[in-house]
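Here are my notes on the model you sent, set out as numbered points. They begin with the ligand and then turn to the nonpolar interior.

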Amino acid sequence: MVIKGEATVVKHTGSHYMLSILPDWDLFPAVLRGKIRLKGSSATNPVAVGDIVSFEADVPEGAVVSDNVTLENPAVITAVKPRRNYIIRKSTNLSRQTHIIAANLDRAFIIATIDYPEIKLPFLDRILVTCEVYNIPVTIVLNKVDLYRESHKEMLEAFHEIYEGAGYTVMEVSALTGEGVDALREACNGHVSLFSGVSGVGKSSLIKALDPSLDPKVGEISEVHVQGKHTTTFYEMYSLASGGFIVDTPGLRGFGLVDLKKEEIALYFPEMLKASENCRFAPCTHTHEPGCAVKEAVEAGEISYDRYSSYLGMLDEEGKYR
Ligand code: GDP
Ligand code: ZN
């Protein structure tokens, strides 16, 4: 009997998808029927982790889908529901092709460290802008505080001032000592959350600290042996025992800023957007215009010079690739 249903994509390998009907975590495989193309999309992947899809499955009457759907008898994805949001990266800097990393995210946790490795503020700001563009609430998680709380006291304080001043929540945690891990677990509960951060910040360690049954590094071994075929694992969703779901983004260097016009960039720096209400000109690029309230706020120290400088860097870069 063919039954129809809706489920969330929790994993994508080269040859098939794994679905689950959230918040249940009973995974079953599915394949795409024919070509599902998204109108106007230049994405290389039509279906991404976090997508809610319609599927059909051939199972005995009254049977539980996940018990009867196998790789030999997979469910078939027939449609992708409209996305609430999604994040993409460019395939390369010069290409217009994009890859959808994840869809329908409730929030994003950007994992960073003040040191070990040293934080790069322009890079962080770029990720924050991307989250603003896609309307994904974001929390900054400073991991490894055990290492630098004393040695980098002033930098840590300055960081809080800059980013809390810009309107973001900044959490301090340590996957090593467990400090702040309960608060992070609590913040993940009931949501589908993106975990992002450059390699080495302790993202895998943190996910493990949140739920010891999870081992994201295992997923990084991209060759998985399935039915005699090698397939590559891409992005993946995890279920936290405490509740909530995490989309891990291994090897993600950065998000591409796609389809942002120069005059739009400042809209995604919340503190600049607010100050710009008082600019004499609209639109204002907050660079050369007289009576620019953003520049005044930077000079008065109300807007962080680092953030403004990231903004100028993005202005400079946008346009190069179009
Ligand atoms: P990932 O690349 O972001 O997934 O980082 P890993 O989880 O592999 O961690 C990178 C290194 O940092 C490992 O040697 C971890 O043991 C170490 N590490 C992770 N979290 C912490 C922490 O909170 N404190 C300290 N001192 N080291 C940590
Ligand atoms: Zn201005």
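1. Which helices each supply at least two residues of the shell around ligand 1? In this predicted model, they are α3 (145–148) and α6 (203–210), and of the elements that contribute, α6 gives the most, with three residues.

2. The surroundings of ligand 1 comprise 16 residues, and the closest of these are Asp146, Gly200, Lys203, Ser204 and Ser205.

3. Polar contacts to oxygen atoms of ligand 1 come from both side chain and backbone: a polar side-chain atom of Lys144 lies 2.9 Å from one such oxygen atom, whereas Leu176 places a polar backbone atom 3.2 Å from an oxygen atom of the ligand, and for a polar backbone atom of Lys203 the corresponding distance is 2.8 Å. Taken on its own, ligand 1 has 580 Å² of accessible area, of which the protein covers 72%.

4. Turning to the interior, the largest nonpolar core has 41 residues, and those that touch the most other members are Leu124, Ile140, Leu142, Phe159 and Tyr163. Helix α2 (residues 121–133) provides the largest share of this core, namely five residues, while domain 1 (2–80) and domain 2 (86–248) each contribute at least three residues.

5. If neighbours within four places in sequence are left aside, Leu124 is in contact with Ile110, Ile119, Ile140, Phe159 and Tyr163. Another core, which lies apart from the largest one, is made up of 19 residues, including Phe269, Ala275, Cys292 and Val298.

Terms used. Residues are numbered from 1 along each chain as its sequence is written. Chains are lettered from A and ligands numbered from 1 in the order in which they are written. This is a predicted model: local features need pLDDT of at least 70, side-chain atom pairs count only at pLDDT 80 or more; totals for chains, interfaces and linings use all residues. Side-chain values use heavy atoms; hydrogens and water are left out. A nonpolar core is a set of buried Ala, Val, Leu, Ile, Met, Phe, Trp, Tyr and Cys residues joined through side-chain atoms within 4.5 Å. Buried means under 20% relative accessible area, exposed over 50%, partly exposed in between (1.4 Å probe, protein chains only). Helices (H or I, at least four residues) and strands (E, at least two) are DSSP runs, numbered from the N terminus. Domain bounds come from an automatic or database domain assignment. Contact means heavy atoms within 4.5 Å. A residue is near a molecule or strand if one of its heavy atoms lies within 4 Å of it. A polar contact is a pair of N or O atoms within 3.5 Å; within protein, one must be able to donate a hydrogen and the other to accept it, and residues adjacent in sequence count only if both atoms are side-chain atoms. Accessible areas come from the Shrake-Rupley method with a 1.4 Å probe; for residues, only the protein chains shown count as cover.
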